[in-house]
Amino acid sequence: MGEHCGSSIRGIKHHLLVEGVNRMRGTMSIWFFAGILFLFYGVVIFGQGLWELSHPPVHPPVLYNLHAPIWWGALMGIAGLAYTIKFWPRVGK
Amino acid sequence: MFLEFAHPAALAMLDAAPVKTLAHLSGVDILVIAIYFAIVIFIGFYLKGASNTSEEFFMAGREMTAWIAGLSFVSANLGSLELMGWAGSAYQYGILATHWYWIGAIPAMLFLGIIMMPFYYISKTHSVPGYLHLRFGDGARALSAISFAFMTVLMSGINMYSMALVMKVVLGWDLNFSIWVSSITVAVYVTLGGLKSAIFNEVLQFLLIWLGALLVPVLGIIEVGGWTNLRHQILTNLGRSDYVHLWSTTGHFHDNPMGIHWTGIVFGLGLVISFGYWTTDFLVVQRVLSADNLRSARMAPIIGAAFKMAVPFIVILPGLLALSVLPFHLVGETQAVATGQHSYNEVLPLMLVRYCGPGLLGLGVTALIAGFMSGMAGNVSAFSTVWTYDIYGAFINKRASDKHYVAMGRWCTFIGVLISVGTAYLVQHAASIMDYVQGLFSFFIAPLFGTVILGMLWKRATKAGGFWGLLAGTSTAIGLWAWVKHDPSALRYVAFSPEAKTMAEDMYRALWSWLTCVIVTIVVSYMTKPRPVAELEGLVYGVSPLPEEHDDHWYQKPIVWASIVAVLFVVLNIIFW
């Protein structure tokens, strides 16, 4: 009985861990990785752009007045967020 | 394409030049670069469990969608040295450099998708040498596999060294640091995850290149006030109009900055070099073979062609913009080292630094690093496959288990990276090797295309014809190269003009070697006994019916999308005529 119980628990563990991870592996798309990367870069570059508004660089790049980091970072962040949500890995999908 | 810096050995002079960095990275830039490394390593570990069989490790389980295979197909070729080299060529030769992206790629990619892919795919071959084995036997396979494996790892090492030099010039990074960090990272993720890991990273790299490089042409066009103003400013600055025309100046060798004639572009580049590279170089074809079905395999090169057509926007346009906006003139590598000026090859980093501050600069540098690592991953994964299937499995150990071949593939990846590192250090001490190896690589591509295309389209081609044609074509390429090297005046015979530049010579040499291969294959085939038609099923056009594709709608058919891309290609050439 105890042995049976133990093997059942091991079976459940195996089901949850190994097969669950395998299914996750199948559902984690390349587009999810791309979304995460875009989202991260978008947040960092957008944040840098905002910071530069109050702390202008000593040697600003050409066309600094267009504040490219703000709109480019925002675009990347929005695209990244959309892809991250759309391709979020779902177990058993 | 595979031609990167026009004279790679000249680039090596920078190693001895005093350090003058173009840019300094801030903390945000370092963060952006670090997160990229973290993600690619994570992908390698994540995919490890999905690369247990040889089909999974070498062919990514043949489960890639058309989009992933298509982006990977075009990305495997989009290395950072290629980006920087062609941006430099655009500065040096003007819009003519676009030919390498349009006529030098698009027709061949569409041909691969529509005509050739069904044979590669239904033959279930693992590689291009593998197809040669099925069609022409072991001789052609051995010749093709050994030359490919050897040249691939050497090219990988040369690219690694060139990239480390670029990082030294742009950022002041130590050569050893760049070489070891990038190669260890590539070794880890490809050894763990195989082709699937390489493909995943190539797709990420493709997106990163666009993210990192797109701002340069966008801001550049804003600065100069549009395309029409750019043309006027180039005309004013240079006093000549041939920098902004694709075809109208190619009627004579004298009339354009590249010293080339349209016949060389159309027949040498468009017909032979381009078709040879895009349809038979296993580095790119391997990505398409990983598609999940025949329709995806046919759509992948068509999707790749559509994106390839847009690449000049982030490569050629920055070179042209630099002719207008940079307050100084760029020069060749030799003069740059002697005088302390900037060289043509630095044009892309210079434009990046011009428009990008902290954060965006890190993104641009990450795109360059990603491009380099992805190219190296492509080289070592293709090397690993060809070595394991077409050399080790075919001639050394034919009866090993699947598990053994996967282990061999992992070791080959690791060893391929080590040989690349060794090559990088070798060329550091003997830079002229770079020119030789780059020349050698192009020797095999053109005749290989002759052999493969005759094998696919002509059922009368025989085993002996395939082998001797390939050998004769390759020998012709080497012979012509050695002739011009020994006697530069021979250029008037090889390229029809003593004024032809290196690129023009490459095009004509490829054309002659291809013609030799085709003629020898035909003659020898007629002299030898053909294979029974039944043995050619699934390998040759017209011998067996291709599997029918059941598309629900007309717009799902590959031929429809190929036609759209072809029309766009023609329209773009007319616009920039």
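So, what covers the buried residues of α4(B)? The cover includes α2 of chain A, residues 30–54, and from chain B itself we have α9, α13 (282–289), α14 (294–310) and α18. Keep in mind that this is a predicted model.

Now, α4 of chain B is the helix at residues 66–75, and it's mostly covered, with nine of its 10 residues buried. Going along, those are B:Ala66, then B:Ile68, B:Ala69, B:Gly70, B:Leu71, B:Ser72, B:Phe73, B:Val74 and B:Ser75.

Okay, since α2 of chain A turned up in that cover, let's look at chain A. Reading along the sequence you get α-α-α, so to speak the whole list: three helices and zero strands. Chain A has 93 residues, and 24% of them count as buried. If you take the contacts in chain A with a separation of 6 or more, 87% are between residues 24 or more positions apart.

On to the contact between the two chains. How many residues does each one bring? Chain B puts in 27 and chain A puts in 21. On the chain B side, the elements giving two or more residues are α2 (27–47), α9 (175–213), α10 (215–224), α17 (347–355) and α18 (360–396). The one that gives the most is α2(B), with seven residues. And by class, that side of chain B comes out as 22 nonpolar, three polar and two charged residues.

One thing to take back to the picture: α9 and α18 of chain B are in that list of contact elements, and α9 and α18 also help cover α4(B).

How values were computed. Residues are numbered from 1 along each chain as its sequence is written. Chains are lettered from A and ligands numbered from 1 in the order in which they are written. This is a predicted model: local features need pLDDT of at least 70, side-chain atom pairs count only at pLDDT 80 or more; totals for chains, interfaces and linings use all residues. Two residues are in contact if their C-beta atoms, placed from the backbone, lie within 7 Å. Helices (H or I, at least four residues) and strands (E, at least two) are DSSP runs, numbered from the N terminus. Ala, Val, Leu, Ile, Met, Phe, Trp, Tyr, Cys and Pro count as nonpolar, Asp, Glu, Lys and Arg as charged, and the others, Gly among them, as polar. A residue is buried if 20 or more other C-beta atoms lie within 10 Å of its own, exposed if 12 or fewer, and partly exposed in between; C-beta atoms are placed from the backbone.
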